[in-house]
Amino acid sequence: MPEPQQISTAKRWLLRARAGLREASWTLGAAVFVVVALMAARRIGLVEGALAAFLVVLAALLAPRRRAPLADDPKSQAETLSTQLDAILSGLPDPVLVLDRRGAITGFNAHARAALGEIRIGEPVSFSLRIPEVLEAVRGAGVSGAPQTVLYVERVPVERWREAHVAATRLVEGEPKAIVISLRDLTEQRRSERMRGDFVANASHELRTPLASLLGFIETLQGPARNDPAAREKFLEIMRAQANRMSRLIDDLLSLSRIELKAHVRPRDVVDLASLVRGVADALAPLARERGVELDLSAARAEVHVRGDRDELIRVAENLIENAIKYGQSGKRVEVGVEDAADGPRLVVRDFGPGVAPEHLPRLTERFYRVDVAESRDKGGTGLGLALVKHILQRHGGRLTIESAAGAGATFTAVLRRANVAKPDPKLLKRAS
Ligand code: ADP
């Protein structure tokens, strides 16, 4: 890096004078013209003329300058630099701190204050950022000048993963290097990585369980039960149920990933929720009968128009009504209603079974979360039904609410967006007929 040039006092004055004269060049030109004109008209003599010209030039030199400060003025240079630095810091998307080489804070942005709380200029960075690894990196960057990256986790008040990038950089030629710390919040990234990992592990586990059972029965049928027709019938029935479970699980996994792919695209079709729910209730009537559950449908006769994807809304109604029949079987009755409420059309499914204890409620829509894993498997559940319902409703701009108390049944409400369909003009209808 070239060494900064030292400017002598005489040269600085010369530069100032040149800038002053350049700034006042029009005024000077006019003044000299007037003096020369007066001398030509013999109104003033040579001495007075020279004196007047000297005074005009002196005034131009001493007059305060209005334009940008000279590049060689260290004070104004420092002010300009500080303003520019503030502007750059406030434009950055991450928390950033600037330190002097002793580790005292000389600048920071609003994101840094939001992330670290109270920060004071001039205080050691260790007062605001109490992460030993980062402070070590600050010392290291100050000594070696090499940038360093540190990954750390804050545990309180909530778990937060951050990456600190520490670099020594020269902000002003000839000045010692400043240390810049930028923090990147990796919490979301970590969380989604962990969720993806958990999801793959859960999905593999869910598939492996029926697969292991199938392999076990195949071995038994090839070996000890080879010549036992009664055992064969029984085992084949279990194998069919296990294969069906795997197939349902794969269907649900594929539906979930399809819905995630379209998560940001709002469905635009107009669907009549009332007739859709009537259709689903009719299809589930045999299951309700089989479980001894009375299905009480109060879907409005009039059409209830919502914006939606027909197949996805069928999945919502199927999952909620089927769950109510399966898990609320002991209540012997399930009420299904379609209402055109003020804050949006809704499907309400209410059962009178054991309900859900409050500690489980917030987690019910998580993938593979079940209150009772054995019960869910026993009833042919995949643990993905309510996760699918939640994702479908989110994509529809709607929401799912669950109200329940242990022992008092459960109410699942899917709220959707109303589609305002213009009613046909009766006059036009008459004319057409
Ligand atoms: P599953 O395939 O296990 O039914 P879901 O995602 O549909 O998966 O439901 C998750 C869990 O929520 C179920 O395993 C069950 O424990 C609970 N659950 C769902 N609906 C009801 C209900 N109507 N009453 C009681 N518990 C329910």
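The following questions and answers concern helices and a sheet in a predicted model.

Me: In which order do the five strands of the open sheet lie?
Reply: The sheet is open and its pairing is mixed. Its edge strands, each pairing on one side only, are β7 (294-299) and β11 (399-404). Between these edges the other strands take their places, giving the order β7-β9-β10-β12-β11.

Me: How many bridges join strand β9 to strand β10?
Reply: Strand β9 covers residues 333-341 and strand β10 covers residues 344-351. V336 stands opposite V349 in β10. The two strands run antiparallel, and the bridges that join them number eight.

Me: Which strands does helix α10 lie across?
Reply: Helix α10 spans residues 310-327 and runs at about 20° to β10. Helix α9 (residues 273-290) lies across β7, β9 and β10, running at about 175° to β7. For α10, the strands are β7, β9, β10, β11 and β12 (410-415).

Me: Is helix α8 roughly parallel or roughly antiparallel to helix α12?
Reply: The axes of α8 (residues 229-261) and α12 (residues 385-395) come within 10 Å and cross at roughly 20°. Angles under 35 degrees count as roughly parallel. Therefore α8 is, relative to α12, roughly parallel.

Me: How many residues of the contact of α8 with α12 are nonpolar?
Reply: Helix α8 passes α12 in a left-handed crossing. From α8 the contact takes D252, S255, L256, I259 and E260, and from α12 it takes A387, L388, H391, I392 and R395. Of these residues, two are polar and three are charged, while the nonpolar ones number five.

Notes
Residues are numbered from 1 along each chain as its sequence is written. This is a predicted model: local features need pLDDT of at least 70, side-chain atom pairs count only at pLDDT 80 or more; totals for chains, interfaces and linings use all residues. Side-chain values use heavy atoms; hydrogens and water are left out. Axes are lines fitted to C-alpha atoms, for helices over the stretch in contact, and angles run from 0 to 180 degrees between N-to-C directions. Helices (H or I, at least four residues) and strands (E, at least two) are DSSP runs, numbered from the N terminus. Angles under 35 degrees count as roughly parallel, over 145 as roughly antiparallel, 65 to 115 as roughly perpendicular and the rest as oblique. A crossing is left-handed if the near helix is turned anticlockwise from the far one by less than a right angle, and right-handed if clockwise. Contact means heavy atoms within 4.5 Å. Ala, Val, Leu, Ile, Met, Phe, Trp, Tyr, Cys and Pro count as nonpolar, Asp, Glu, Lys and Arg as charged, and the others, Gly among them, as polar. Two strands pair if DSSP finds at least two bridges between them.
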